[in-house]
Structures are given as structure tokens and as C-alpha cells.
Amino acid sequence: MQTACLSDILQEMPARSEKGLAARVLAGDVKAAARLISLIEDETAGADALKYLYPHTGRAHVVGVTGPPGAGKSTLTDALIGHFRQKDMDIGVIAIDPTSALTGGAVLGDRVRMQRHSADSRVFIRSLATRGWGGGLARAAIGAVHVLEALGKAVIMVETVGSGQVEIDIVRVADTTVLVLTPGSGDEIQQMKAGILEAADIVAVNKADKDGAEQLRADLEAVLATNEATTGGWTPPVLLTEAINNKGTAVLAGAIIKHHEYLVASGEISRRRHRRAKAELLEAITGFFRDAVSRLDEGDLLERLVADLLAGRSDPGTAAREAAGRLAADLSNAKDRDKDGL
Ligand SMILES: Nc1nc2c(ncn2[C@@H]2O[C@H](COP(=O)(O)OP(=O)(O)OP(=O)(O)O)[C@@H](O)[C@H]2O)c(=O)[nH]1
Ligand SMILES: [Mg+2]
């Protein structure tokens with residue numbers, strides 16, 4: 001009994017400090033934001049702080065910048081920061097690379113390429129490396145976006161390396177998705193047709209200083225023209241850029257702002273926010289169950305059910321129903337604890 005009380009107290013402690021952290025983020029404290037993103041990244045905590053921040057989110061324009069490795073996403077993002085800063089906008093950047101947790105290399109590259117703005121207090125740049133792909137990464141990315149929204153950023157850019165599902169997950173977070181391609185990637189257009197290209201609101205053909213940029217633009221425009229019906233009133237522009245020479249980047253920045261205006265005027269922004277909230281909710285629900293399932297192994301229930309199976313006293317379906325009943329009870333207890341804590 002005593003240990004249970006102690007563990008309850010220990011559980012409540014981070015909740016209290018996270019409320020303080022949330023208050024500091026809302027007051028514009030950059031260090032608190034960085035600390036909170038670290039908590040979310042480590043998946044150790046942070047959920048409580050997000051609870052306090054959530055009512056203050058949803059005002060930023062979230063821009064996803066995605067594309068194959070080395071396409072120039074970071075260099076382009078760096079140029080875009082410059083243009084948005086000229087319009088006096090506060091900027092947040094989250095650079096995500098699912099492989100960087102292993103190599104550490106790309107994160108360093110992103111930092112170096114965006115360091116031009118590191119001294120600007122109104123630009124917040126953060127690399128995010130999480131252990132897993134898929135759900136965990138998407139959850140951390142959405143969490144980090146919320147922190148920067150609460151911090152008061154007007155534009156939040158999320159850079160992700162194109163890699164199938166992760167990329168699609170991140171696209172669901174963004175209001176505007178910029179796909180960065182380079183000459184030489186023409187063969188991939190057919191493959192992309194079914195996936196990421198359909199999610200692109202703006203396509204940047206970067207490294208336009210190289211051969212084949214015009215051809216790639218023509219090919220992409222041809223493909224995108226056939227997608228028009230699915231994109232409503234917006235046909236994704238295909239823009240030539242040379243990020244290293246800062247060419248075409250002002251036009252790209254303009255297109256991003258124009259797309260936001262289109263989203264607001266057409267009401268499409270509400271549909272996208274609805275989609276985002278739904279994806280986030282489903283992810284949170286899945287997280288609840290995943291955590292609860294992993295805790296099953298801690299008690300003796302699972303072993304007893306396995307013993308029943310082996311002894312022929314039960315079958316997997318019946319045993320699973322019993323385990324699910326226990327999970328439901330656990331979740332409902334957790335809910336009661338939350339209520340008491342408020
Ligand atoms: N020739 C040429 N090189 C460019 C251009 N833009 C970027 N680069 C170079 O391409 C390389 C990759 O640029 P990054 O901005 O790091 O590309 P990235 O897409 O962020 O790369 P990852 O995050 O590693 O996937 C760097 O060496 C850049 O200098 C461009 O317009 N033309
Ligand atoms: Mg990069």
C-alpha cells in the first residue's frame with residue numbers, strides 16, 4: 001500500500017513541473033521550448049505540458065518541406081527563413097531525419113546549413129531524431145509543432161527526408177507541403193505519382209543550375225495537370241530554384257504565402273486541420289493501447305493466460321478478450337487518476 005502511494009506521488013511530480021514548463025513556453029521562453037521538445041523526443045514525458053499548450057495551438061502556418069536525401073531541403077529552408085524574416089515573421093524550423101538517430105551525420109549537416117540564422121532570436125531551429133519510424137516520429141513531430149505554435153511562431157517549417165510512410169505522416173501535419181526534387185530524379189516521377197506528388201502543394205525543382213531542370217519541370221507539370229480534379233481550386237506550381245545561389249527562392253516564399261491565402265479563402269484550411277486533429281487523436285488512442293499492452297507483460301496476467309492456452313483450458317480469442325477487459329479497466333483507472341490530478 002505504501003509503495004503504491006509513493007509511486008502515485010512520483011507520478012504527479014513531472015505533471016506539476018510540466019505545467020510550469022508549459023507556462024514558460026507560452027510566455028515566449030525559448031529554453032523552455034527546447035527543453036520540452038527534448039522531453040517529447042525522448043518520449044519520457046511532455047504529454048502533460050502539451051495538454052496545457054493545446055488550446056494555444058493552431059495559429060501558425062505549418063509548411064512541410066520534403067524530398068529525397070540531398071535534394072537541398074535545408075539550403076532551401078535556410079533561404080526561405082531569410083525571406084520570411086524580411087516580412088518580420090517569427091519562424092520555427094524542425095528538421096526531422098529518421099536515420100539521424102543512427103548516424104548523427106545529417107543532423108549536423110542541417111545545423112550547418114541553417115546556421116546563418118542561428119543568432120536571430122526570432123528563429124528557432126531544432127533537429128529532431130527519434131528512435132523509431134512511423135507513429136513515434138509522427139507523434140514527436142506533431143508535439144514539437146505544437147510547442148512552436150504555443151511559442152508564437154507565425155510560420156513553422158518541418159523538413160523531412162522523403163522516405164515513404166514517414167513522409168506521408170508528416171505531410172498530414174502540414175498546411176502546405178513543398179516537395180523538393182532535383183534534375184536526374186525524372187525516372188521517379190511515375191512512382192511518385194501515386195504517393196507524395198499527390199500530396200504536394202508546391203514543387204520546387206532545386207539545383208536548377210544543373211542540366212535537365214526545365215525538362216523535369218515540364219514532366220512534373222504534365223503529371224500535375226492530370227491531378228487537378230483532386231486538388232480542388234489549386235494547381236501546384238512547379239518552380240525552379242537554386243538554393244545555394246538564392247535564386248528562385250523569393251518566388252517560392254511567395255508561393256507558400258499564396259497557398260496559405262488560398263487555404264483560408266477556400267475553407268480548405270479547416271479540412272486540413274480536421275484531418276490533422278483526427279490523425280493526432282487516432283495516434284494518441286493507439287499510443288494508449290500500445291502502452292497498456294506493453295504493461296500487460298509486467299503483471300502475472302499474461303503468464304497465466306499463456307499457461308491456460310498451453311493446458312488447453314483456453315484459446316487465443318478467449319484469452320485476448322480477457323486481456324482486453326483488463327486493459328479497459330486499466331485505462332479507465334488511469335482516466336480517474338487524471339481527473340483527480342486536475
Ligand atoms: N548545385 C547545387 N547544389 C545545391 C543546391 N542547393 C543545395 N545544394 C547542395 O546540395 C547538398 C545538399 O544540400 P542540403 O540542403 O543539405 O540537402 P537536404 O535535402 O537538406 O539533405 P538531407 O537533409 O541530408 O536529406 C549540399 O552540398 C548543398 O550545397 C543548388 O541549387 N545547386
Ligand atoms: Mg537537410
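In this predicted model, the side chain of T160 makes a polar contact with the side chain of T66, at 3.1 Å. T160 belongs to strand β4, which covers residues 155-161. Its relative accessible area is 3%. Buried means under 20%, so T160 counts as buried.

A second strand, β6, spans residues 202-205 and is covered on both faces. In a regular strand the side chains alternate between the two faces of the sheet. In β6, I202 and A204 lie on one side. V203 and V205 lie on the other. Each of these four residues is buried.

Strand β6 has partners in β5 and β7. Strand β5, residues 176-181, runs parallel to β6 and is joined to it by 4 bridges. Within this pairing, L179 stands opposite V203 of β6. Strand β7, residues 238-240, also runs parallel to β6. Here the two strands are joined by 3 bridges. V205 of β6 stands opposite L240 of β7. Thus V203 and V205, which share one side of β6, face L179 in β5 and L240 in β7 across the two pairings.

Helix α4 runs from residue 73 to residue 86 and has 14 residues. From first C-alpha to last, α4 reaches 20 Å. This is close to the 20 Å expected at 1.5 Å a residue. Of its 14 residues, 12 are buried, so α4 is largely enclosed by the rest of the structure. The buried residues include nonpolar names such as L76, L80, I81 and F84. Also buried in α4 are K73, D78, H83 and R85. Just after the helix, D88 takes a positive phi of about 65°.

Other parts of the model lie at the surface. L281, L282, I285, F288 and F289 form a nonpolar patch there. Together these residues have about 500 Å² of accessible area. One of them, F288, is placed in helix α13, residues 268-296.

A27 lies in the loop between α1 (2-26) and α2 (30-42). Its relative accessibility is 69%. Exposed means over 50%, so A27 counts as exposed. A27 and A150 are 123 residues apart in sequence. In space, their C-alpha atoms are 8.9 Å apart.

Notes:
Residues are numbered from 1 along each chain as its sequence is written. Chains are lettered from A and ligands numbered from 1 in the order in which they are written. This is a predicted model: local features need pLDDT of at least 70, side-chain atom pairs count only at pLDDT 80 or more; totals for chains, interfaces and linings use all residues. Side-chain values use heavy atoms; hydrogens and water are left out. The expected span of a helix is 1.5 Å times one less than its number of residues. Buried means under 20% relative accessible area, exposed over 50%, partly exposed in between (1.4 Å probe, protein chains only). Two strands pair if DSSP finds at least two bridges between them. Patches are made of residues with over 30% relative accessible area and no salt bridge: like charges are joined within 9 Å, nonpolar side chains (Val, Leu, Ile, Met, Phe, Trp, Tyr) within 5 Å. Accessible areas come from the Shrake-Rupley method with a 1.4 Å probe; for residues, only the protein chains shown count as cover. A salt bridge is a side-chain nitrogen of Lys or Arg within 4 Å of a carboxyl oxygen of Asp or Glu. A polar contact is a pair of N or O atoms within 3.5 Å; within protein, one must be able to donate a hydrogen and the other to accept it, and residues adjacent in sequence count only if both atoms are side-chain atoms.
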